[in-house]
Amino acid sequence: QVQLVESGGGLVQAGGSLRLSCAASGRTDSSYTLGWFRRAPGKERRFVAAIGWSSGSTTYTDSVKGRFTISRDNAKNTVYLQMNSLKPEDTAVYYCAARHTVTNTYDYWGQGTQVTVSS
């Protein structure tokens, strides 16, 4: 079991920045990939970014490339999502999730944190 707790959401003006954190506990090890997803109002949850817990390799959805950066601090068991140049269309509930290499599915999810970008 892996427990994930997000924090850092809030209200920001367009062009501003926020940093989300995801604290992981439980059976976290190098077999996991940690990802960020978001659900905008009235839309499906979509992938944002992911990072290999051991490798540190990253992937991003095209709409956030160059603006968002995912990183991790293994000592603190925490994954971050630095979001710069925020746009109103980034408004969503952001979720942290963990994917094990065996199942290759995101089986563990946090409760989400709201990000609202005003124009």
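In this predicted model, Phe37 counts as buried, since its relative accessibility is 10% and a residue is called buried when the value lies under 20%. Tyr106 falls on the buried side of that cut-off as well, with a relative accessible area of 18%.

Aromatic contacts were examined next, and five aromatic pairs were found in the structure. In one of them, Phe37 and Tyr106 meet edge-to-face, with 4.9 Å from centre to centre and 80° between the planes of the two rings. Because Phe37 belongs to strand E4 and Tyr106 to strand E10, which covers residues 106–109, this pair ties together parts of the chain that are 69 residues apart in sequence. Phe37 and Tyr106 also take part in a cluster, in which ring pairs link them with Phe47 and Trp109.

Charged groups over aromatic rings form a further topic. Arg45 lies over the face of Trp109, at 3.7 Å from the ring centre, and Arg45 also lies over the face of Tyr95, where the distance to the ring centre is 5.6 Å.

The empty space in the model was then considered. The largest pocket has a volume of about 250 Å³, and of the 15 residues that line this pocket, Arg38, Ala40, Arg46, Ser63 and Glu89 are the closest to its centre. Strand E4, spanning residues 32–39, and strand E5, spanning residues 45–52, are the elements that each contribute two or more residues to the lining. When the lining of the largest pocket is sorted by class, nine residues are charged, while three are polar and three are nonpolar.

How values were computed
Residues are numbered from 1 along each chain as its sequence is written. This is a predicted model: local features need pLDDT of at least 70, side-chain atom pairs count only at pLDDT 80 or more; totals for chains, interfaces and linings use all residues. Side-chain values use heavy atoms; hydrogens and water are left out. On a 1 Å grid over the protein atoms alone, a cavity is a set of points where a 1.4 Å probe fits but cannot get out, and a pocket is an open set with protein on both sides within 12 Å along at least five of seven lines; lining residues have an atom within 4 Å of a point. Grid points are joined across faces, edges and corners, and a volume is the space filled by probe spheres set on the points. Helices (H or I, at least four residues) and strands (E, at least two) are DSSP runs, numbered from the N terminus. Ala, Val, Leu, Ile, Met, Phe, Trp, Tyr, Cys and Pro count as nonpolar, Asp, Glu, Lys and Arg as charged, and the others, Gly among them, as polar. Rings of Phe, Tyr and Trp (its six-membered ring) pair if their centres lie within 6.5 Å; planes under 30 degrees apart count as stacked, over 60 as edge-to-face and the rest as tilted. Buried means under 20% relative accessible area, exposed over 50%, partly exposed in between (1.4 Å probe, protein chains only). A charge sits over a ring if NZ of Lys or CZ of Arg is within 6 Å of the ring centre and within 35 degrees of the ring normal.
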